[in-house]
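This report looks at how two protein chains sit against two DNA strands and against each other. Please keep the sequence and the model at hand while reading.

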Protein chains: 2
Amino acid sequence: MPSRPKQPSRSKPAVKARSTATPSAAKAKRRPTINDIARMSGVSKKTVSRIINDSPVVNEETRAKVKRIIAETGYVPDPQARGLAFRKSFLIAMIYDNPSPEYIVSMQKGILSAIEGTSFQLVVRPCDRTKPTFLSDMRSFVERQRLFGVLLPPSVSEDEGLVKVLRELNCDYVRIASVSLDKPEVMLVTNDHIGGYEAGQHLAEQGHKIIAHVSGLKSFRSVHERRRGFARALAENGIDLPEKLVLEGAYTFESGLACGEKLLAMKPRPTAVFAGNDEMAAGIYRAARNHGLEIPRDLSVVGYDDNPTSLRLWPPLTTIRIPTENNARMAATMLIKKAPVPHDDTLPSLVVRESTAKPAKS
Amino acid sequence: MPSRPKQPSRSKPAVKARSTATPSAAKAKRRPTINDIARMSGVSKKTVSRIINDSPVVNEETRAKVKRIIAETGYVPDPQARGLAFRKSFLIAMIYDNPSPEYIVSMQKGILSAIEGTSFQLVVRPCDRTKPTFLSDMRSFVERQRLFGVLLPPSVSEDEGLVKVLRELNCDYVRIASVSLDKPEVMLVTNDHIGGYEAGQHLAEQGHKIIAHVSGLKSFRSVHERRRGFARALAENGIDLPEKLVLEGAYTFESGLACGEKLLAMKPRPTAVFAGNDEMAAGIYRAARNHGLEIPRDLSVVGYDDNPTSLRLWPPLTTIRIPTENNARMAATMLIKKAPVPHDDTLPSLVVRESTAKPAKS
DNA sequence: GCCGTCTTAGAAACCGGTGTCAAGTTGAGG
DNA sequence: CCTCAACTTGACACCGGTTTCTAAGACGGC
């Protein structure tokens, strides 16, 4: 046989008596490896590898033949072996410090829907940015797992130290944040100032004049953006937003309650409040109840997020909807494709329900 | 040094101009491998491997020396390479179909705290048991990822088909369910009948006589257990639980609302309701409001779960607390240790708040 | 002193893929 | 007919670990 393509010398290891002796071994239907596919197709494993990786340098005929065999056997390459050779795993991590379960689960859903059908898997990794070992923890996590990439929702997305580590480790990432902080192909911008603007515009249209804002912690970018958009809308309607009507909460129910109590004790009392998120809006509801005030008759409230809880409240909360799941899907797609993805549906939008109305004539 | 171990010939790949375009690549301080440790310690890689895996057949002196070097270099074995050789990854999957974000996040937290400091990672995998391809999807997922193990919260934990697949694939698992369905070392039992009993006992003690129950879908084991415990408590107090006072909901707000509406239209009207979960309790709150009834004056309500939302409701909800995070931690620990873990704090317990009171004299 | 056993250690193959590089074919151009 | 480039393909080393098998010493018993 002069020029027959050499078969990958199948060095038959002389029937290892033990392992094949068990009659039950028959059922152990070991799943096919790249070597099996190569042998069955009469090509080398390298060629099979090329086909798996969509290399362009393969003859169409060969490609078709091997692809057929792959389909017939149901062969799927082993992610660990591939990862080892690539020096890159097929794991995508979501690193987060956001405490809201609804937000986390929406994010995960979006990411999962983006990686469905690919070889990627999602690993979750909560963190605490205030821990002294935060950066070194993250470094060893990313390095050891040889992560394919990382998704960063707020507020970790604002952590330049973390991003620097990721760059050093040559780990891809996509940041989800209220404003652009990085190259467009690694940023998914949520435009929180637009959400704030919509909230302000809505309350102004209702005719409110004394309008308050309970913000989140001012160290977050999104908090600043929401307030900025909100103030702009009020200004356009000739309404002032004095400093004393802006209270800093912490995105929690309790902080919303506390800020609500303060606002409702003021003279004159604000007739409307824009809460930085729904959780704090729920706190403000509680404060209103404590003061014997009725929503929306005595106080209009606008939230932000459109949590499921905003529908549980009574009356149902007017709020700014964030398409979190969709945003996460887009971000994950960007990460995988390594390119910006066209999207026109990531903007926050006003959802009018029953917690806002014209102010009562005083 | 006669028998010096062969060095892994470090084939310097001649500075690939393109991919190393980033100047930062220069400092790419490659992390140490098992070969480096072996060379530095003057032993073979197999010996290092033995030490990593706590094999007993290593001389104490050698072990100490190598361990020192490992500590000095900060060496950590590569999970992918290890997984490839072991034919088992270091991934633990949480497969779930529970729709509650609070529950999912609590579970994840518990699992993450159990695997912290180990080489395991958590991958999340929601599923839909009603999909025709459910079992084959799960099979290929588990097989391809060569999962170390799987955690099954309700209701997937009740799916015997899935469990059979896991056994076939030789994949370890731990099931979290209301009653024991399997060997003790793979079961974490939540004893929902006790929670139901506590709810019933509490309402009976308040003096209620006409008590209703809004259950979840009866196909779930937990639903049956909660009802069984509840009915037993009532029976012990000489209270009947007629069939028509047990309505089947679906663990959703909407189904709670619908069942609440039905109950409150009855004559005589029940003075207390035990909801199968907090979400449905919230729906019952809404129904009470629609009927102009006040909680707890006109209607006492007990929930189940102790969601964060149960504190957002007004009045705060009396409910049965499930230590979800702790349960998940226990289950994950069992999975890793491959043995039952002693636990005495996985029982549901009554949390009395303000949604229950003595019935009004009619 | 010889031999079997126990302890400790290493060489080589292997897990299932990919990168490198060289070689065989083919067709166009001289 | 020869040369050269383009196109395909495969051998081989390698990714970073583990398993198998073999062997060198140490030790005790005969």
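Which elements each supply at least two residues of the surface near DNA strand C? They are α3 (45–52) and α5 (79–86) of chain A together with α2 (45–52) and α4 (79–86) of chain B, where helices (H or I, at least four residues) and strands (E, at least two) are DSSP runs numbered from the N terminus. This is a predicted model, in which local features need pLDDT of at least 70 and side-chain atom pairs count only at pLDDT 80 or more, while totals for chains, interfaces and linings use all residues. Residues are numbered from 1 along each chain as its sequence is written, chains are lettered from A and ligands numbered from 1 in the order in which they are written, and side-chain values use heavy atoms, with hydrogens and water left out.

**DNA strand C**

DNA strand C is surrounded by 31 residues, the closest being Ile34(A), Ser49(A), Asn53(A), Arg50(B) and Thr62(B); a residue is near a molecule or strand if one of its heavy atoms lies within 4 Å of it. Of the atoms of DNA strand C that come within 4 Å of the protein, 65% are accounted for by sugar and phosphate. The element that gives the most to this surface is α5(A), with five residues. By class, the surface near DNA strand C has 13 nonpolar, eight polar and 10 charged residues, where Ala, Val, Leu, Ile, Met, Phe, Trp, Tyr, Cys and Pro count as nonpolar, Asp, Glu, Lys and Arg as charged, and the others, Gly among them, as polar.

**DNA strand D**

Around DNA strand D there are 32 residues, of which Arg50(A), Thr62(A), Ile34(B), Lys46(B) and Ser49(B) come nearest. Sugar or phosphate holds 62% of the atoms of DNA strand D within 4 Å of the protein, and the rest belong to bases. The largest share of the surface near DNA strand D, five residues, comes from α4(B), and the residues of that surface divide into 13 nonpolar, nine polar and 10 charged.

**Atom pairs between protein and DNA**

The table lists pairs of N or O atoms in polar contact (within 3.5 Å; within protein, one must be able to donate a hydrogen and the other to accept it, and residues adjacent in sequence count only if both atoms are side-chain atoms).

| Protein atom | DNA atom | Distance |
|---|---|---|
| Ile34(A), backbone N or O | phosphate oxygen, strand C | 2.6 Å |
| Asp78(A), polar backbone atom | phosphate oxygen, strand C | 3.1 Å |
| Asn59(B), backbone N or O | phosphate oxygen, strand C | 3.0 Å |
| Thr62(A), polar side-chain atom | phosphate oxygen, strand D | 2.5 Å |
| Ser49(B), side-chain N or O | phosphate oxygen, strand D | 2.3 Å |
| Tyr75(B), polar side-chain atom | sugar or linking oxygen, strand D | 3.0 Å |

**Chain B against chain A**

The contact (heavy atoms within 4.5 Å) takes 40 residues from chain B and 40 residues from chain A. The area buried between the chains is about 3,900 Å², of which carbon and sulfur atoms give 53%; buried area is the accessible area (1.4 Å probe) that two parts lose on being put together, summed over both. On the chain B side, Arg31(B), Gln80(B) and Arg312(B) lose the most area to chain A, together 18% of what that side buries.

Between chain B and chain A there are four salt bridges, each a side-chain nitrogen of Lys or Arg within 4 Å of a carboxyl oxygen of Asp or Glu. One salt bridge joins Glu279(B) to Arg312(A), with the closest N and O atoms 2.6 Å apart. The two chains also have 15 residue pairs in polar contact, both residues at pLDDT 80 or more. To the side of chain B that touches chain A, α5(B) gives the most, with six residues.
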